[in-house]
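Hi everyone, thanks for coming. I'd like to walk you through one structure today, so have a look at it on the screen and then we'll go around it together.

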Amino acid sequence: MSAGRENGGAPASSVVYALDFDGVLCDSVDELIESVIRAARRVFAAHSTETWYAQLGSDPVRRQLTHLRPLIKTGYELVLLCRALAEGQYMDSDGPEQLRKAWPEPLKEQLLEEYNSDFGALNGAFSAERDDWIENDLDSWLAANKMFPGVVDALNQSEALARYIITTKDKRYALRLLRAAGVTESAMPDDRVYGLGMGSKIEVLKIVLKNHPGAQVHFVEDYVPALESASISLLGANVQYFMASWGYNTLDDVKRAERNPFITVLDLDTFTSRMQ
Ligand SMILES: [Mg+2]
């Protein structure tokens, strides 16, 4: 795309992209579920029975976890749900709908209490399993994460003023996947990737706005609640909100985004062509 071409109402050269990672740039659900199952085996080992342990990695549990992916914000939450599924809860066809009503509140806190667990233990096990996988079989770990078609070229060829990633994944994993996929450092410098523990998405969007006064920030995200809360918190800021319909969301999520006057629903082709 030539410099100065219109880009969502602003010239490309004055747009800054703030991009979520999983479900916007990377299709990582297969890797996520494998890491979640390994983490659940590790963190709940003391509580497991033989049947439970076998259920954990079963196809029905994997399928249900895939259905539940749009519900969660951070990987450790699925480790928690994984145990409930392996114990037979929410496994029938109504399961995802029941969980949609109860998740995250009040169920997340209830399960944390019931399983005597916390974020540190769950996320620690999740990261440890991922690190083991990377160390022992990097090729299969990379292969389980697939960048969506066209996004690598779109990032590398983007003429936007700047690009950032705001993700709830640990930064080191996102960087490893970006570099393995061929995203260059000039297209996405290390210090423009904000991962888990580096501030909420809203806090990072404020940093981006501060770094680029006068620019229009395009926040692209597949998790509708994140778009909704940012659009309310940053009311009046020069931010446009885009829902990545190719990511981890349901038809209901798309309808909810379409009804929101602050959110524009994007498809993958439109996103990659606008980015370049
Ligand atoms: Mg996402």
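Let me begin with empty space: about 30 Å³ of it lies in the largest cavity. Keep in mind as we go that this is a predicted model. Searching the whole structure for cavities of 30 Å³ or more turns up one. Which residues line the largest cavity? They are Tyr17, His218, Val220, Phe242, Leu266, Phe271 and Arg274. Strand β8 and helix α14 each supply at least two residues of that lining.

Two of those names come back when we turn to the hydrophobic interior. The largest nonpolar core has 37 residues, and Leu25, Leu178, Val220, Trp246 and Phe271 touch the most other members. At least two residues each come from β3 (15–19), α7 (119–136), α9 (151–157), α10 (171–181), β9 (239–244) and α14 (268–275). Which of these gives the most? That would be α10, with five residues. I also like that this core draws on both domains: at least three residues come from domain 1 (6–27 + 146–275), and at least three from domain 2 (29–142). There is a second, separate core too, with 36 residues, including Val29, Leu81, Leu111 and Tyr248.

Let's stay with Val220 for a moment. Setting aside neighbours within four places in sequence, Val220 is in contact with Tyr17, Ala18, Leu19, Asp20, Val24, Phe242, Ala244, Trp246 and Phe271. Please remember Asp20 from that list, since Asp20 is also one of the donors at the metal site.

So, on to the metal. Which protein residues are donors to the magnesium ion? Asp20 and Asp222 each use OD, Asp22 uses O, and these donors lie 2.0 to 2.2 Å from the ion. Written as a sequence pattern, the spacing of the donor residues is D-x1-D-x199-D. Asp20 and Asp222 bring together distant parts of the chain, 202 residues apart. Asp20 is in the loop between β3 and β4 (26–27), while Asp222 is in the loop between β8 (216–221) and α12 (224–233). Are these two buried or exposed? Both Asp20 and Asp222 are buried.

That loop leads us into α12, so let's look at the helix itself. Its buried residues are Val224, Ala226, Leu227, Glu228, Ala230 and Ser231. What covers them includes α11, β8, β9, α13 (251–259) and β10 (263–266). Ser231 makes a nice example from this helix. Ser231 counts as buried because its relative accessibility is 3%, under the 20% cut-off. Apart from neighbours within four places in sequence, Ser231 is in contact with Tyr241 and Phe262.

Helix α12 also turns up at the largest pocket, where α7, α11 (201–211) and α12 each give two or more residues to the lining. The pocket has a volume of about 590 Å³. Of its 37 lining residues, Lys73, Thr74, Thr167, Thr168 and Lys201 are the closest to the centre. The largest share of the lining, four residues, comes from α7.

Now some backbone details that are easy to scroll past. The loop between α5 (95–102) and α6 (107–114) holds Pro104, and the peptide bond from Trp103 to Pro104 is cis, with omega near 0°. Pro106 is found in the loop between α5 and α6 as well, and a cis peptide bond joins Glu105 to Pro106, with omega about 5°.

Then there are residues with positive phi that are not glycine. Tyr90 has a phi of about 60° and is found in the loop between α4 (76–86) and α5. Asn116 has a phi near 50° and lies in the loop between α6 and α7. Which is buried and which is exposed? Tyr90 counts as buried because its relative accessibility is 18%, whereas Asn116 counts as exposed because its value is 71%.

One last stop is Glu159, in the loop between α9 and β6 (162–166). With a relative accessible area of 34%, Glu159 is partly exposed. Glu159 and Asp170 are eleven residues apart in sequence, and their C-alpha atoms are 27 Å apart in space.

That's my tour, and I'm happy to go back to any part of it.

Definitions and conventions: Residues are numbered from 1 along each chain as its sequence is written. This is a predicted model: local features need pLDDT of at least 70, side-chain atom pairs count only at pLDDT 80 or more; totals for chains, interfaces and linings use all residues. Side-chain values use heavy atoms; hydrogens and water are left out. A nonpolar core is a set of buried Ala, Val, Leu, Ile, Met, Phe, Trp, Tyr and Cys residues joined through side-chain atoms within 4.5 Å. Buried means under 20% relative accessible area, exposed over 50%, partly exposed in between (1.4 Å probe, protein chains only). Domain bounds come from an automatic or database domain assignment. Contact means heavy atoms within 4.5 Å. Donors are N, O and S atoms within 2.8 Å of the metal (3.2 Å for Na, K and Ca); water is not among the atoms, so sites may look incomplete. On a 1 Å grid over the protein atoms alone, a cavity is a set of points where a 1.4 Å probe fits but cannot get out, and a pocket is an open set with protein on both sides within 12 Å along at least five of seven lines; lining residues have an atom within 4 Å of a point. Grid points are joined across faces, edges and corners, and a volume is the space filled by probe spheres set on the points.
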